[in-house]
Amino acid sequence: MKKIFFLTIIFLFTQFSAQEKILFWPKGEMPNSKILTSKTKKKKELAELKEPELFAFLPPLKERKQMSVIIIPGGGYSKLTYDEGAFQIAKWLNTLGISAFVLNYRLPTFTDLIQKETAPLQDIQAALKFIRKNADQWEISPTSVGVIGTSAGGHLAAMVSNISTDYTELKGDWETISNIPDFAVLLCPVIDFGEFAHIGSRNSLLGENVSVEKINKYSMQNRVTEKTPPTALFHAQNDTAVPAMNSILYFDAMTKHKVKGALFIFPEGGHRFSITNKNELNENWKKLCADWLKSIDNQNKQ
(Lines give C-alpha, C1' and ligand atoms only; values in the text may rest on other atoms or scores of the structure.)
Protein backbone atom coordinates (compact mmCIF):
# COMPACT_ATOMS: atom_id res chain seq x y z
CA MET A 1 0.00 0.00 0.00
CA LYS A 2 2.80 2.40 0.93
CA LYS A 3 4.54 1.63 -2.37
CA ILE A 4 1.39 2.43 -4.37
CA PHE A 5 0.93 5.69 -2.44
CA PHE A 6 4.56 6.65 -3.04
CA LEU A 7 4.29 5.96 -6.79
CA THR A 8 1.10 8.02 -6.96
CA ILE A 9 2.84 10.97 -5.32
CA ILE A 10 5.75 10.68 -7.78
CA PHE A 11 3.31 10.60 -10.72
CA LEU A 12 1.42 13.65 -9.49
CA PHE A 13 4.65 15.57 -8.90
CA THR A 14 5.97 14.87 -12.37
CA GLN A 15 2.64 15.85 -13.89
CA PHE A 16 2.70 19.14 -12.02
CA SER A 17 6.35 20.04 -12.61
CA ALA A 18 6.66 18.87 -16.21
CA GLN A 19 7.14 21.51 -18.88
CA GLU A 20 7.92 21.47 -22.57
CA LYS A 21 11.35 22.65 -23.69
CA ILE A 22 11.28 24.51 -27.02
CA LEU A 23 14.17 25.57 -29.25
CA PHE A 24 12.38 28.41 -30.98
CA TRP A 25 14.86 29.71 -33.56
CA PRO A 26 14.25 28.10 -36.97
CA LYS A 27 17.10 25.69 -37.70
CA GLY A 28 20.10 27.46 -39.18
CA GLU A 29 18.53 30.94 -38.88
CA MET A 30 19.72 32.11 -35.46
CA PRO A 31 21.73 35.31 -36.13
CA ASN A 32 24.71 36.72 -34.27
CA SER A 33 26.37 33.38 -33.46
CA LYS A 34 29.67 31.64 -34.04
CA ILE A 35 27.88 28.33 -33.31
CA LEU A 36 29.16 27.41 -29.87
CA THR A 37 29.92 23.69 -29.63
CA SER A 38 30.21 23.30 -25.86
CA LYS A 39 27.37 21.63 -23.96
CA THR A 40 24.78 23.66 -22.08
CA LYS A 41 25.48 23.84 -18.36
CA LYS A 42 22.54 22.62 -16.26
CA LYS A 43 22.40 24.53 -13.00
CA LYS A 44 19.91 26.76 -11.23
CA GLU A 45 21.80 29.75 -12.61
CA LEU A 46 22.88 29.54 -16.24
CA ALA A 47 26.03 31.35 -17.30
CA GLU A 48 26.35 29.81 -20.79
CA LEU A 49 24.05 27.84 -23.07
CA LYS A 50 24.36 26.52 -26.58
CA GLU A 51 21.06 27.87 -27.87
CA PRO A 52 18.29 30.00 -26.32
CA GLU A 53 15.28 28.04 -25.15
CA LEU A 54 11.69 28.40 -24.01
CA PHE A 55 10.02 26.31 -21.33
CA ALA A 56 6.25 26.14 -21.75
CA PHE A 57 4.04 25.96 -18.64
CA LEU A 58 0.43 25.41 -19.70
CA PRO A 59 -2.68 25.30 -17.51
CA PRO A 60 -5.31 22.63 -18.21
CA LEU A 61 -7.29 23.42 -21.37
CA LYS A 62 -10.56 23.84 -19.50
CA GLU A 63 -8.94 26.53 -17.30
CA ARG A 64 -6.74 28.13 -19.99
CA LYS A 65 -7.28 31.79 -20.83
CA GLN A 66 -6.32 33.43 -24.11
CA MET A 67 -3.58 35.46 -22.37
CA SER A 68 0.02 34.25 -22.24
CA VAL A 69 3.26 35.61 -20.83
CA ILE A 70 6.97 35.22 -21.55
CA ILE A 71 8.95 35.36 -18.30
CA ILE A 72 12.41 36.87 -18.64
CA PRO A 73 14.69 35.96 -15.71
CA GLY A 74 17.30 38.30 -14.28
CA GLY A 75 20.91 37.76 -13.32
CA GLY A 76 22.65 41.01 -14.18
CA TYR A 77 23.13 40.00 -17.84
CA SER A 78 25.86 37.62 -16.65
CA LYS A 79 23.74 34.63 -15.55
CA LEU A 80 20.09 33.53 -15.60
CA THR A 81 18.33 32.99 -12.28
CA TYR A 82 15.57 31.08 -13.99
CA ASP A 83 14.49 28.73 -11.18
CA GLU A 84 12.86 30.80 -8.43
CA GLY A 85 12.86 33.97 -10.51
CA ALA A 86 10.96 32.44 -13.43
CA PHE A 87 9.83 28.79 -13.10
CA GLN A 88 7.97 29.44 -9.84
CA ILE A 89 6.30 32.54 -11.28
CA ALA A 90 5.26 30.49 -14.32
CA LYS A 91 3.60 27.88 -12.10
CA TRP A 92 1.78 30.63 -10.19
CA LEU A 93 0.52 32.15 -13.46
CA ASN A 94 -0.85 28.74 -14.41
CA THR A 95 -3.08 28.85 -11.31
CA LEU A 96 -4.61 32.02 -12.84
CA GLY A 97 -5.24 30.18 -16.11
CA ILE A 98 -2.42 32.05 -17.86
CA SER A 99 0.04 30.17 -20.07
CA ALA A 100 3.67 30.99 -19.31
CA PHE A 101 6.88 30.58 -21.28
CA VAL A 102 10.21 30.97 -19.48
CA LEU A 103 12.92 32.35 -21.77
CA ASN A 104 16.54 31.39 -21.27
CA TYR A 105 18.18 33.93 -23.56
CA ARG A 106 21.72 34.41 -24.79
CA LEU A 107 23.70 36.66 -22.48
CA PRO A 108 26.10 39.34 -23.71
CA THR A 109 28.88 37.56 -21.81
CA PHE A 110 28.56 34.43 -24.01
CA THR A 111 31.71 33.60 -25.96
CA ASP A 112 29.61 32.56 -28.97
CA LEU A 113 28.35 36.03 -29.89
CA ILE A 114 29.47 38.38 -32.63
CA GLN A 115 27.55 41.47 -31.42
CA LYS A 116 27.08 40.98 -27.70
CA GLU A 117 24.55 43.64 -26.72
CA THR A 118 22.06 42.65 -29.46
CA ALA A 119 21.66 38.95 -28.65
CA PRO A 120 19.22 39.17 -25.69
CA LEU A 121 16.91 41.45 -27.67
CA GLN A 122 17.06 39.16 -30.71
CA ASP A 123 16.02 36.22 -28.58
CA ILE A 124 13.03 37.84 -26.88
CA GLN A 125 11.83 39.26 -30.21
CA ALA A 126 12.11 35.82 -31.84
CA ALA A 127 10.33 34.21 -28.87
CA LEU A 128 7.41 36.63 -29.22
CA LYS A 129 7.14 35.89 -32.92
CA PHE A 130 7.34 32.13 -32.32
CA ILE A 131 4.57 32.11 -29.72
CA ARG A 132 2.30 34.26 -31.87
CA LYS A 133 2.99 32.10 -34.94
CA ASN A 134 2.10 28.94 -32.99
CA ALA A 135 -0.66 30.37 -30.77
CA ASP A 136 -3.31 28.03 -32.21
CA GLN A 137 -1.24 25.04 -31.10
CA TRP A 138 -1.63 26.09 -27.45
CA GLU A 139 -5.13 27.56 -27.87
CA ILE A 140 -4.04 31.03 -26.84
CA SER A 141 -4.38 34.42 -28.52
CA PRO A 142 -1.57 35.86 -30.69
CA THR A 143 -2.76 39.35 -29.71
CA SER A 144 -2.51 38.89 -25.94
CA VAL A 145 1.13 37.94 -25.41
CA GLY A 146 2.96 39.87 -22.70
CA VAL A 147 6.30 39.81 -20.90
CA ILE A 148 7.29 39.66 -17.25
CA GLY A 149 10.87 40.66 -16.51
CA THR A 150 12.74 40.54 -13.21
CA SER A 151 15.79 42.72 -12.47
CA ALA A 152 18.00 42.71 -15.60
CA GLY A 153 15.22 40.69 -17.21
CA GLY A 154 13.08 43.76 -16.54
CA HIS A 155 15.53 45.81 -18.57
CA LEU A 156 15.20 43.35 -21.45
CA ALA A 157 11.41 43.42 -21.10
CA ALA A 158 11.55 47.23 -21.31
CA MET A 159 13.84 47.02 -24.35
CA VAL A 160 11.49 44.75 -26.27
CA SER A 161 8.57 46.99 -25.24
CA ASN A 162 10.17 50.09 -26.73
CA ILE A 163 12.52 49.08 -29.55
CA SER A 164 10.42 48.47 -32.64
CA THR A 165 13.33 47.62 -34.96
CA ASP A 166 13.21 43.90 -35.76
CA TYR A 167 16.66 42.41 -35.07
CA THR A 168 15.68 38.79 -35.64
CA GLU A 169 16.59 38.81 -39.36
CA LEU A 170 13.78 36.27 -39.91
CA LYS A 171 12.28 36.42 -43.40
CA GLY A 172 9.06 35.39 -45.12
CA ASP A 173 5.87 35.27 -43.05
CA TRP A 174 7.94 35.87 -39.90
CA GLU A 175 8.32 39.50 -40.99
CA THR A 176 4.59 40.12 -40.65
CA ILE A 177 4.51 39.05 -36.99
CA SER A 178 4.91 41.77 -34.35
CA ASN A 179 7.98 41.73 -32.10
CA ILE A 180 6.40 44.06 -29.50
CA PRO A 181 4.58 42.58 -26.47
CA ASP A 182 0.95 43.47 -25.81
CA PHE A 183 1.66 44.29 -22.15
CA ALA A 184 4.50 44.11 -19.63
CA VAL A 185 5.09 43.52 -15.93
CA LEU A 186 8.45 44.68 -14.55
CA LEU A 187 9.63 43.35 -11.17
CA CYS A 188 12.40 45.44 -9.53
CA PRO A 189 13.60 46.23 -13.06
CA VAL A 190 16.92 47.64 -14.18
CA ILE A 191 15.88 50.68 -16.22
CA ASP A 192 18.46 53.46 -15.86
CA PHE A 193 22.08 53.00 -16.92
CA GLY A 194 23.13 56.38 -15.58
CA GLU A 195 22.88 57.75 -12.03
CA PHE A 196 20.72 54.90 -10.71
CA ALA A 197 22.31 52.09 -12.68
CA HIS A 198 22.95 48.55 -11.56
CA ILE A 199 26.60 48.70 -12.60
CA GLY A 200 26.96 44.95 -13.06
CA SER A 201 24.11 44.83 -15.58
CA ARG A 202 25.43 47.82 -17.47
CA ASN A 203 28.97 46.48 -17.63
CA SER A 204 27.83 43.04 -18.78
CA LEU A 205 25.64 44.45 -21.55
CA LEU A 206 27.69 47.41 -22.74
CA GLY A 207 31.19 47.00 -21.28
CA GLU A 208 33.00 49.07 -18.69
CA ASN A 209 34.16 51.97 -20.87
CA VAL A 210 30.81 53.02 -22.28
CA SER A 211 29.98 56.43 -23.76
CA VAL A 212 27.37 58.80 -22.32
CA GLU A 213 25.51 58.51 -25.62
CA LYS A 214 25.22 54.74 -25.24
CA ILE A 215 24.23 55.04 -21.58
CA ASN A 216 21.36 57.31 -22.59
CA LYS A 217 20.39 54.99 -25.45
CA TYR A 218 20.09 51.97 -23.16
CA SER A 219 18.41 53.83 -20.29
CA MET A 220 14.91 52.63 -21.01
CA GLN A 221 13.07 55.62 -19.55
CA ASN A 222 14.45 57.52 -22.55
CA ARG A 223 12.86 55.10 -25.03
CA VAL A 224 9.25 55.27 -23.83
CA THR A 225 6.74 56.58 -26.39
CA GLU A 226 2.98 56.64 -26.78
CA LYS A 227 3.34 53.20 -28.42
CA THR A 228 4.85 51.59 -25.29
CA PRO A 229 2.50 48.76 -24.21
CA PRO A 230 0.59 48.98 -20.89
CA THR A 231 3.03 48.24 -18.08
CA ALA A 232 2.84 47.49 -14.35
CA LEU A 233 5.94 48.01 -12.21
CA PHE A 234 6.72 46.55 -8.78
CA HIS A 235 9.64 47.67 -6.63
CA ALA A 236 10.76 47.87 -2.99
CA GLN A 237 11.88 51.15 -1.49
CA ASN A 238 14.74 49.42 0.33
CA ASP A 239 16.11 47.68 -2.78
CA THR A 240 19.85 48.36 -2.49
CA ALA A 241 20.80 46.42 -5.64
CA VAL A 242 18.51 48.24 -8.08
CA PRO A 243 17.18 51.52 -6.62
CA ALA A 244 13.42 52.09 -6.82
CA MET A 245 14.15 55.23 -8.87
CA ASN A 246 14.50 52.90 -11.84
CA SER A 247 10.79 52.10 -11.75
CA ILE A 248 9.86 55.69 -10.87
CA LEU A 249 11.75 57.08 -13.88
CA TYR A 250 10.05 54.59 -16.21
CA PHE A 251 6.58 55.26 -14.83
CA ASP A 252 7.17 59.02 -15.06
CA ALA A 253 8.06 58.61 -18.74
CA MET A 254 4.93 56.45 -19.22
CA THR A 255 2.79 59.15 -17.64
CA LYS A 256 4.27 61.86 -19.87
CA HIS A 257 3.49 59.77 -22.96
CA LYS A 258 0.02 58.75 -21.71
CA VAL A 259 0.88 55.05 -21.50
CA LYS A 260 -1.56 53.10 -19.33
CA GLY A 261 -0.01 51.34 -16.37
CA ALA A 262 0.56 51.09 -12.65
CA LEU A 263 3.41 51.56 -10.19
CA PHE A 264 3.59 49.76 -6.83
CA ILE A 265 6.43 50.56 -4.42
CA PHE A 266 6.57 48.63 -1.15
CA PRO A 267 8.54 49.97 1.84
CA GLU A 268 10.40 46.68 2.33
CA GLY A 269 11.25 43.54 0.43
CA GLY A 270 14.70 44.26 -0.95
CA HIS A 271 15.61 43.05 -4.43
CA ARG A 272 13.07 40.25 -4.52
CA PHE A 273 9.64 39.61 -5.96
CA SER A 274 8.99 35.90 -5.95
CA ILE A 275 6.16 33.56 -5.08
CA THR A 276 7.14 33.30 -1.42
CA ASN A 277 8.07 36.55 0.32
CA LYS A 278 9.01 36.95 3.97
CA ASN A 279 7.47 40.41 4.15
CA GLU A 280 3.65 40.31 4.55
CA LEU A 281 3.04 43.63 2.78
CA ASN A 282 5.35 42.70 -0.10
CA GLU A 283 3.45 39.42 -0.41
CA ASN A 284 0.50 41.40 -1.81
CA TRP A 285 2.28 41.93 -5.12
CA LYS A 286 0.74 38.71 -6.48
CA LYS A 287 -2.84 39.86 -5.81
CA LEU A 288 -2.15 43.28 -7.31
CA CYS A 289 -0.45 41.73 -10.32
CA ALA A 290 -3.25 39.21 -10.86
CA ASP A 291 -5.88 41.97 -10.71
CA TRP A 292 -3.90 44.12 -13.15
CA LEU A 293 -3.48 41.23 -15.61
CA LYS A 294 -7.22 40.54 -15.35
CA SER A 295 -7.94 44.17 -16.25
CA ILE A 296 -5.66 43.91 -19.29
CA ASP A 297 -7.35 40.67 -20.31
CA ASN A 298 -10.78 42.29 -20.04
CA GLN A 299 -9.63 45.23 -22.18
CA ASN A 300 -8.38 42.84 -24.88
CA LYS A 301 -11.80 41.15 -25.00
CA GLN A 302 -13.66 44.45 -25.56
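The following questions and answers concern a predicted model.

Reader: How many strands does the open sheet have, and which strands stand at its edges?

Author: The open sheet is built in the order β1-β2-β4-β3-β5-β6-β7-β8, with mixed pairing, and its twist averages 20° from one strand to the next. Two of these strands each have a single partner strand, so one side of each is left without a neighbour in the sheet. The sheet therefore has 8 strands, and those at the edges are β1 (20–22) and β8.

Reader: Do β7 and β8 run parallel or antiparallel, and which residue of β8 is the bridge partner of F234?

Author: Strands of a sheet pair through backbone hydrogen bonds, either parallel or antiparallel. Strand β7 (residues 231–236) is joined to β8 by 6 bridges, and the two run parallel. The bridge partner of F234 in β8 is F264.

Reader: Is helix α5 enclosed or open, and how many of its residues are buried?

Author: Helix α5 (residues 152–162) lies across β3, β5 and β6, running at about 145° to β5. The cover over its buried residues includes β3 (68–72), α3 (119–133), β5 (145–150), β6 (184–187), α6 (199–206) and α8 (245–256). Among the buried residues are H155, M159 and N162. The helix is largely enclosed by the rest of the structure, because the buried residues number 11 of the 11.

Reader: Which strands does α3 lie across, and at what angle does it run to β3?

Author: Helix α3 is one of the elements that cover the buried residues of α5. It lies across β1, β2 (53–57), β3, β4 (99–104) and β5. Its angle to β3 is about 160°.

Reader: Is S68 buried or exposed, and what is its relative accessibility?

Author: S68 lies in strand β3. Leaving aside residues up to four places away in sequence, S68 touches I98, S99, F101, I131, I140, S144, V145, G146 and F183. Residues under 20% count as buried, and S68 therefore counts as buried, at 0%.

Reader: How many aromatic pairs are found, and what is the geometry of the pair W92 and W285?

Author: A search of the whole structure finds 10 aromatic pairs. In the pair of W92 and W285, the centres are 5.4 Å apart and the planes are at 55°. An angle over 60 degrees would count as edge-to-face and one under 30 degrees as stacked, and this pair is tilted.

Reader: Which parts of the chain does the pair of W92 and W285 tie together?

Author: Both residues are buried, W92 at 11% relative accessibility and W285 at 1%. The pair ties together parts that are 193 residues apart in sequence, because its members lie in helix α2 (residues 83–95) and helix α9 (residues 285–301).

Reader: What kind of pair do F273 and W285 form, and which residues make up the cluster linked by ring pairs?

Author: F273, in the loop between β8 (261–266) and α9, is 12 residues from W285 in helix α9, and both are buried. Their ring centres are 6.1 Å apart and their planes at 85°, so the pair is edge-to-face. The cluster linked by ring pairs consists of W92, F234, F264, F266, F273 and W285.

Reader: Over which ring does the charged end of K133 sit, and at what distance from its centre?

Author: A lysine counts as sitting over a ring only if NZ is within 6 Å of the ring centre and within 35 degrees of the ring normal. The charged end of K133 sits over the ring of W174, at 4.8 Å.

Reader: How many disulfides does the count come to?

Author: C188 counts as buried at 4% relative accessibility, and C289 is buried at 0%. A disulfide requires cysteine sulfur atoms within 2.5 Å. By this rule the count of disulfides is 0.

How values were computed. Residues are numbered from 1 along each chain as its sequence is written. This is a predicted model: local features need pLDDT of at least 70, side-chain atom pairs count only at pLDDT 80 or more; totals for chains, interfaces and linings use all residues. Side-chain values use heavy atoms; hydrogens and water are left out. Rings of Phe, Tyr and Trp (its six-membered ring) pair if their centres lie within 6.5 Å; planes under 30 degrees apart count as stacked, over 60 as edge-to-face and the rest as tilted. Helices (H or I, at least four residues) and strands (E, at least two) are DSSP runs, numbered from the N terminus. Buried means under 20% relative accessible area, exposed over 50%, partly exposed in between (1.4 Å probe, protein chains only). Contact means heavy atoms within 4.5 Å. Two strands pair if DSSP finds at least two bridges between them. Axes are lines fitted to C-alpha atoms, for helices over the stretch in contact, and angles run from 0 to 180 degrees between N-to-C directions.
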